[in-house]
Each structure stands twice: as structure tokens, then as C-alpha cells.
Amino acid sequence: KAGYPQALAAVRSDFAAAGLGSMKMIGPDTTAIGGDKVKNYLDNIPSGHIDAIAHHLYHDSPGSTGIADLSRLQSQYPNWVMPKFMTELNPHDTYEDWDPAQPGWMQLAVTMHNVFTHERANTYMVWSSMFGFIDRFTGKPNNADDYALGHFSRFVNANNWRVAASSNDPDIAVTHYRHYY
């Protein structure tokens, strides 16, 4: 937190001086959201200096016990007021115990579902799609992890909105999107 408000103000000032004052600022890009980490940063900067929230989920257990933190972030910063970007959690970043009988891509799929459903994030970025996820020569997936990411990125298109969906089965996670014209 030390210096973040000053650094942000300096960047905004330099952008404005260069004629780029209309640029949107995304931040603070914290390593996690637990313990009100995002709120602690945003409470220390002037209102309106951040246009969207960015964060990672390291050590937050987003596939299981971290659901309360995801929900709290949505209640503090509703997605229709303050867009939220989950900016990195790769499929191999295993910060929580995971059933070894489950395929490796399942943690990414459940985490993405929880980020979209409980936090209601507007974007989920997986940087590993550039680092071995996709074969850079063929453009095809290198492994099964691609299919979790592909499920959301291939079938959830521009102008789709997440709509209410539920299941009475606690072992089924449901995320549903509808396209509006």
C-alpha cells in the first residue's frame, strides 16, 4: 500500500499531461482479495481514480473456501458500478488442496465459475494461455487445461450476460449466459 496512491496519481498526471487524460485506469492488481486487500488499497486513493478493479487470487482458495471473499468483493464493488478483472490464476497455481482423483483442469473450471458467479467479475484472464497452454505454431491446445478456459471463452460471446441459474445438487456448479441483441 505504501506509495500506491502517489504512484497512481503520478501516472494519471503524466497521462493527462500527454493528452491521454481520458485513459481508464485499472488497479490495484493485488495478489489476493482475502482480508479486504482490494478495499484497503482503494480506501487510500481518491474516488474516481480507478475505473476498474484488477486482482489475482493467490492463496485465496477460490475453488472452495474463498467463495465468501469473492461474494464480499461483489457486495463492496458491484460489477455494474465497478468492473472487476481477475487478472491471473493459472491452472497450475494450486494454492488449495484438490482431490487428486479430479482432472487437473477442474480446479481452473471451478475457479472460473466461482469468479463469474460469486464475485461477478467482468473478465478472467489466464496468462498461461501465452505460456505453453496453446501451441504457438499450430494454435491448438497443448493440454486438457485449455478446455476449461475454452468453455468460457469460446461459448460466452460479446454482449452475453450472466443470468440466474441454480441446481439443487451441491456437486453441480451452474453458470449460464444469454445473448442479448
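Helices here are DSSP runs of H or I with at least four residues, strands are runs of E with at least two, and both are numbered from the N terminus. What you're looking at is a predicted model, where local features need pLDDT of at least 70, side-chain atom pairs count only at pLDDT 80 or more, and totals for chains, interfaces and linings use all residues. Residues are numbered from 1 along each chain as its sequence is written, and side-chain values use heavy atoms, with hydrogens and water left out.

**The sheet and the first helix**

Let's start with the sheet. Four strands make an open sheet in the order 1-2-3-4, with parallel pairing (two strands pair if DSSP finds at least two bridges between them). Strand 1 (26-30) and strand 4 (123-124) are the edge strands with a single partner strand each, so one side of each has no neighbour in the sheet. In general, strands of a sheet pair through backbone hydrogen bonds, either parallel or antiparallel. Strand 1 runs parallel to strand 2 (residues 52-56), and four bridges join them. One thing to look up there is threonine 30, whose bridge partner in strand 2 is histidine 55.

Helix 1 covers residues 4-17, which is 14 residues, and spans 20 Å from first C-alpha to last, close to the expected 20 Å. That expected span is 1.5 Å times one less than the number of residues. After helix 1 comes glycine 19, with a positive phi near 80°.

**Salt bridges**

How many salt bridges does a search of the whole structure find? It finds three, counting a side-chain nitrogen of Lys or Arg within 4 Å of a carboxyl oxygen of Asp or Glu. Here they are, with the N to O distance for each.

| Basic residue | Acidic residue | Closest N to O |
|---|---|---|
| Arginine 72 | Aspartate 36 | 3.1 Å |
| Lysine 39 | Aspartate 43 | 2.7 Å |
| Arginine 72 | Aspartate 69 | 2.4 Å |

Arginine 72 and aspartate 69 both sit in helix 3, three residues apart, or about one turn of the helix. An α-helix has 3.6 residues a turn, so residues three or four places apart point the same way. Salt bridges with shared partners join Asp36, Asp69 and Arg72 into one network.

The pair of arginine 72 and aspartate 36 links distant parts of the chain: arginine 72 is in helix 3 (residues 67-76), aspartate 36 is in the loop between strand 1 and helix 2 (37-42), and they are 36 residues apart.

How open are these residues? Buried means under 20% relative accessible area, exposed means over 50%, and partly exposed is in between (1.4 Å probe, protein chains only). On that scale, arginine 72 is partly exposed at 31%, and aspartate 36 is partly exposed at 24%. Aspartate 69 counts as buried at 19%. In the other pair, aspartate 43 is partly exposed at 49%, and lysine 39 is partly exposed at 28%.

**Backbone oddities**

Most residues other than glycine have a negative phi, and most peptide bonds are trans. With that in mind, a few spots deserve a look. The peptide bond between glycine 27 and proline 28 is cis, with omega about 0°, and proline 28 lies in strand 1. Aspartate 36, met above in the salt bridges, isn't a glycine but has a positive phi of about 55°. Serine 61 also isn't a glycine, and its phi is positive, near 50°. You'll find serine 61 in the loop between strand 2 and helix 3, where it counts as buried at 14% relative accessibility.

**Around histidine 56**

Is histidine 56 buried or exposed? At 11% relative accessibility, histidine 56 is buried, and its place is in strand 2. Leaving out residues up to four places away in sequence, histidine 56 touches Asp29, Thr30, Thr31, Ala32, Ile33, Met86, Thr87 and Glu88 (contact means heavy atoms within 4.5 Å).

**Aromatic rings**

Three aromatic pairs turn up in a search of the whole structure. Rings of Phe, Tyr and Trp (its six-membered ring) pair if their centres lie within 6.5 Å; planes under 30 degrees apart are stacked, over 60 edge-to-face, and the rest tilted. One of them is the tilted pair of phenylalanine 116 and tyrosine 124, at 6.3 Å centre to centre and 50° between the planes. Phenylalanine 116 also pairs edge-to-face with tyrosine 177, at 6.2 Å and 90°. Phenylalanine 116 lies in helix 4 (residues 105-119) and tyrosine 177 in strand 6 (residues 176-179), so this pair ties together parts 61 residues apart in sequence. Phe116, Tyr124 and Tyr177 form one aromatic cluster.
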